[in-house]
Amino acid sequence: MNKFTVHEGLVAPLDRANVDTDAIIPKQFLKSIKRSGFGPNLFDEWRYLDHGEPGMDNDARPKNPDFVLNQPRYQGASILLARKNFGCGSSREHAPWALDQFGFRAVIAPSFADIFFNNCYKNGLLPIVLPEQTIDRLFDEVKAFPGFRLAIDLEKQIVGAVDGSVSFPFEIGQFRKFCLLNGLDDIGLTLRQADKIHEFEERHLQQQPWLANTI
């Protein structure tokens, strides 16, 4: 997965609480066995005026002009600002896949559902928890200033205005921080021990050579 070190991006405000994973990526799109192609159907029921199904030409579908991600001022946003309990509902890992493949690198909210929160880290998406008062302030800033951007420094654990005029610290576990900074998912972490794994396999076969002929 991609490393997350320092990111500067346009902020899109999703002013809704309790956004569940079925809203993030509706259930009909979970039929795919691939880990790609979910971005076009992020928030499908809110972004489009018709019912979406896998394989549809999304460019030809009618879009909801009132939904935030369809508004011109938020095109290209890579930081999503949300309300409390973001990512509740079922445990589908497709939700962070869809957010990441749409172009988001971070989600900022007062709280997240636990499983979604953990799934974000496993897929290179940074979930940032800030106090509700700070979230309210950021929503006001986004509304007042078109093109409002934030800078996130993971090493320093700070998110703030691009000009440095204001910043807010955020907490993150050191193991999760290490994985994001180095772009390591569960497989990547395992492959860091590849030499030891190969040594074990060779030693194991020497001790029990008949295993080489078993299926």
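The questions below concern a predicted model and ask how some of its features earn their names.

Q: Why is H3 called oblique to H4?
A: Helix H3 (residues 94-102) and helix H4 (residues 114-122) pack at an angle of about 50 degrees, and their axes lie 8 Å apart. Angles under 35 degrees count as roughly parallel and those from 65 to 115 as roughly perpendicular, and therefore the angle between H3 and H4 makes the pair oblique. The crossing in which H3 passes H4 is right-handed.

Q: What makes the contact of H3 with H4, and how do its residues divide into nonpolar, polar and charged?
A: On H3 the contact is made by Ala95, Pro96 and Leu99, while H4 contributes Phe116, Asn119 and Cys120. Of these residues, five are nonpolar, one is polar and none is charged. Asn is not on the list of nonpolar residues or on that of charged ones, so it counts as polar.

Q: How do you know that the side chain of Arg83 makes a polar contact with the side chain of Asp15?
A: The two side chains come to 2.7 Å, and because a polar contact requires a suitable pair of N or O atoms within 3.5 Å, this pair qualifies. Arg83, which is found in the loop between strand E2 (79-82) and H3, also has a polar contact of 2.6 Å with the side chain of Asp136.

Q: Why is the meeting of the side chains of Glu8 and Arg149 called a salt bridge?
A: The N to O distance is 3.3 Å, and the cut-off is 4 Å, so the pair counts as a salt bridge. Glu8 lies in strand E1 (residues 6-14) and Arg149 in strand E5 (residues 149-153), 141 residues apart, and the pair thus links distant parts of the chain. The whole structure holds seven salt bridges.

Note on methods: Residues numbered from 1 in each chain as written. Predicted model: local features only at pLDDT ≥ 70, side-chain atom pairs only at ≥ 80, totals over all residues. Heavy atoms only, no water. Axes fitted to C-alpha atoms, helices over the stretch in contact; angles between N-to-C directions. Helix = DSSP H or I, 4+ residues; strand = E, 2+ residues; numbered from the N terminus. Parallel < 35°, antiparallel > 145°, perpendicular 65-115°, else oblique. Left-handed = near helix turned anticlockwise from the far one by under 90°. Contact = heavy atoms within 4.5 Å. Polar contact = N/O pair within 3.5 Å; in protein donor to acceptor, adjacent residues only side chain to side chain.
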